[in-house]
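Subject: Structure handover

Hi there,

Here is the structure I promised to pass on to you. Please open it next to this email, and the notes below should help you find your way around.

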Amino acid sequence: MKDLLDAVQTSLDAVRHASGDREVLGLAPGDLVAVGDALGRLKRAVDAALVPVAAAIARQSRPELGSDSLAKRQGFPSAGRMISTTTGTSVGEAIRLVAVGEATAPRASLSGEERPAKHPHVAAAVRAGAIGTLAASAIITMLDRVAVRSDAEAREAMEARLVEAAPGLTPDRLRVLICRGEALLDPDGVQPREDELRADRQLSIRQERSGAIAISGRFDPETGAPIVAAVEGIVTGMLRRREDGTSVADADDRSVAQMRADALSELCRHGLGCQSVPTAPSTTVVVRMNLADLEDGTGYGTIDGIAQPVSVSTVRRMAADAQIIPCVLGGESEILDWGRAKRLFTPAQKLALTERDGGCACCGLPPALTVGHHLLWWKRDAGPTDLNNGILLCTNCHHRIHDDGWDIRIENPRAKVDRSHTGSRPLHTRARVWFIPPAWLDPSRTPPLGGKARYDLTA
C-alpha cells in the first residue's frame, strides 16, 4: 500500500512540475497539443484508478451498516458526499464514479468463484484509459435500461461497438450514437418513449423584473425538429463562407447563442406576416406611445403582452417594421393613428378594443390570448358586432361569464371618436369596465373593476 501511495505522490509532483504556468506559456502549438493529449490520458488513467476505490468506499458505506458505515465514521452523510469532498468533484460526479466502479468490477458467484464484470468491454476500455467515466456511465446506463427488453448477446455486441466508437467523440455525438444503439436493441421501445416525450412537451415564457424575456422549452423530436432545423439553418447561413472566403460572422460581434435568439425572433416575425401560419385571426404586435413623448424622445412605450416598458428608441425601431402595429395616442387617450401592414387581416375592432381593455378585461391576460365577447349575446340577444357591444375576454373568463350569469357594465366618461377606421361607433380608451357578479355568488352584486383601470398603471 505504501508503494502505491508513493507512486501516486511521485506522479502528482511530476504533473505539477510539467504544467507550470511559465513552461506551458512557452510551448509551441504542436507541443501544447501533445501535452494536452498526454494530460487527457493521465486524467483517464487517474479516473480508472479512482473508479474501484469509489466503488469500495460505497460498498463499505452501505446504509444497512448504520454507524459502522465508512462514510459516517469519517463524518460524511453518504459515500457520494465523502468521495465528492476528498476528490474535489461534484456529488453527481462521485455517484457516477461509484456506478461505473460497480458495473466494471469483477463479480463473485454464490460459490465464491470470480466472474467477469457486468460490462466487460466498458471495464477494459476504462482500465486502458481509452474512455472516461462520462462515456462509460452513458453506455452503462443505456445498456442497463434495456436489459429486460433485449437479448444478452445483442447487448454485449452493442457494448463492444459503442466502446470502440466512443474515443474521440464529443459527449453530444456519443449521446446520439447511444440513442441509435438503444433503438436497435429495443425497437419496440421507440414509440412509447416518443409518446412520453410528446406528452411532456412544453414551452414557458417568463418576463423577468429586469425586462428580459426568458424562454425555455422541451420538445419531442417531431415538434422540435422544425424548430432546430429552422433556427440552426439561419445561423448556419450566417456562418457559411462566401466565395471570397468571408462570412456574415466575420463582421458580426454576436455569439452563436445571440444569433439563435435573433433567428427565432425573425422566424416569429415572418410567422406573423404569413397567411399560412395558424396564428389567431387577430394575432399581431402592437406598440403604443404618447405622441408628445415620441416627438420629444422622452418617456417610454409599451408592447402588448410585455410587462416591461420599452424606450423611445425601441419604439421607433419597432414602428419601422412592417409587421408591427404602432398606435400613437394624443391628448386624453384619443387614438390618432393606426399603423398599417400589408399582411393585416386582423379585425380593426379588436385593435381598438385592445386599447380600451388592455387584454382580458376580467383577468388581465395579454390581448393575444383573448377573443371579442358580445355584451348583448350574439345568439341569445341578437347583439350586434359593434365596438360599443364588445369586450375582450380570455377563453376561461368568457365561459365563466356565460355559464355563471355575470353581467358587464361599461362606463364611457367622455365619448371620443375612434379613428381606427373600424366603421363602428365611438369608443373611448379610458372607459371603465365593471363585472357584476351573479346574486348566488354575491347577494349585493358589488361589481369589481376590470380592464386597463385595474391592470394598467397608464389607464
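Is T133 buried or exposed? Before the answer, please keep in mind that this is a predicted model. T133 is buried, because its relative accessible area is 5% and the cut-off for buried is under 20%. The residue lies in helix α8. Leaving aside residues up to four places away in sequence, T133 touches D47, V51, E93, R96, L97 and V100. With one of these, E93, there is also a polar contact between the side chains, at 3.4 Å.

**The model as a whole**

The protein has 459 residues, and 32% of them count as buried. It contains 18 helices and 14 strands. If you look at contacts between residues at least 6 apart in sequence, 51% join residues at least 24 apart. The accessible surface comes to about 27900 Å², with 56% of it belonging to carbon and sulfur atoms.

On confidence, the mean pLDDT is 76, and 69% of the residues reach 70 or more. Two stretches deserve your caution. Over residues 334-346 the pLDDT is below 50, although this stretch has 48 contacts in the model beyond near neighbours in sequence. Residues 413-426 also have pLDDT below 50, with 33 contacts counted in that way. Where pLDDT is low, the predicted coordinates should not be read in detail.

**The nonpolar cores**

In soluble globular proteins, nonpolar side chains tend to be buried together. Here the largest nonpolar core has 33 residues, and those with the most contacts inside it are I83, V122, V126, I131, I139 and M142. The elements giving two or more residues to this core are α3 (29-59), α4 (70-73), α5 (79-87), α6 (91-104), α7 (120-127), α8 (133-145), α9 (152-165) and α10 (171-185). Its largest share, 6 residues, comes from α8, the helix in which T133 lies. To see how the core is joined up, try I139: not counting residues up to four places away in sequence, I139 touches V122, L162, V163 and I178.

Apart from that core lies another, of 12 residues, with C362, W406, I408 and V433 among them. Two of these, I408 and V433, come up again in the sheet described next.

**The sheet β12-β13-β14**

This is an open sheet of 3 strands, in the order β12-β13-β14, with antiparallel pairing. The strands β12 (407-411) and β14 (449-450) stand at the edges; each has a single partner strand, so one side of each is left without a neighbour in the sheet. Strand β13 is largely enclosed by the rest of the structure, because 4 of its 5 residues are buried.

The pairing can be followed residue by residue. β12 and β13 are joined by 5 bridges, and the bridge partner of I408 in β13 is F435. Strand β13 (residues 432-436) pairs with β14 over 2 bridges: W434 has L449 as its bridge partner, while V433 stands opposite G450.

The loop between β13 and β14 holds R445. Its phi is near 50°, a positive value in a residue other than glycine. R445 counts as partly exposed, because its relative accessibility is 30% and that class covers values between under 20% for buried and over 50% for exposed.

**The pair β10 and β11**

Strand β10 (residues 370-374) pairs with β11 in the antiparallel sense over 5 bridges. One of the partnerships joins T370 to C394 in β11. In a regular strand the side chains alternate between the two faces of the sheet. In β11, G390, L392 and C394 point one way, I391 and L393 point the other way, and all are buried. Strand β11 (residues 390-394) is thus mostly covered, with 5 of its 5 residues buried.

**An exposed strand residue**

What about L203, found in strand β3 (residues 202-207)? L203 is exposed, because its relative accessible area is 51% and exposed means over 50%. Not counting residues up to four places away in sequence, L203 touches I215, S216, G217 and F219. As for S216, it and L203 are 13 residues apart in sequence, and 5.8 Å apart in space from C-alpha to C-alpha.

Happy browsing, and do write back with any questions!

Best wishes

Definitions and conventions. Residues numbered from 1 in each chain as written. Predicted model: local features only at pLDDT ≥ 70, side-chain atom pairs only at ≥ 80, totals over all residues. Heavy atoms only, no water. Core = buried A, V, L, I, M, F, W, Y, C linked by side-chain atoms within 4.5 Å. Buried < 20%, exposed > 50% of the residue type's maximum accessible area, 1.4 Å probe, protein only. Contact = heavy atoms within 4.5 Å. Pairing = 2+ DSSP bridges. Areas by Shrake-Rupley, 256 points an atom, 1.4 Å probe, with all protein chains shown as cover. Polar contact = N/O pair within 3.5 Å; in protein donor to acceptor, adjacent residues only side chain to side chain. pLDDT = per-residue confidence, 0-100.
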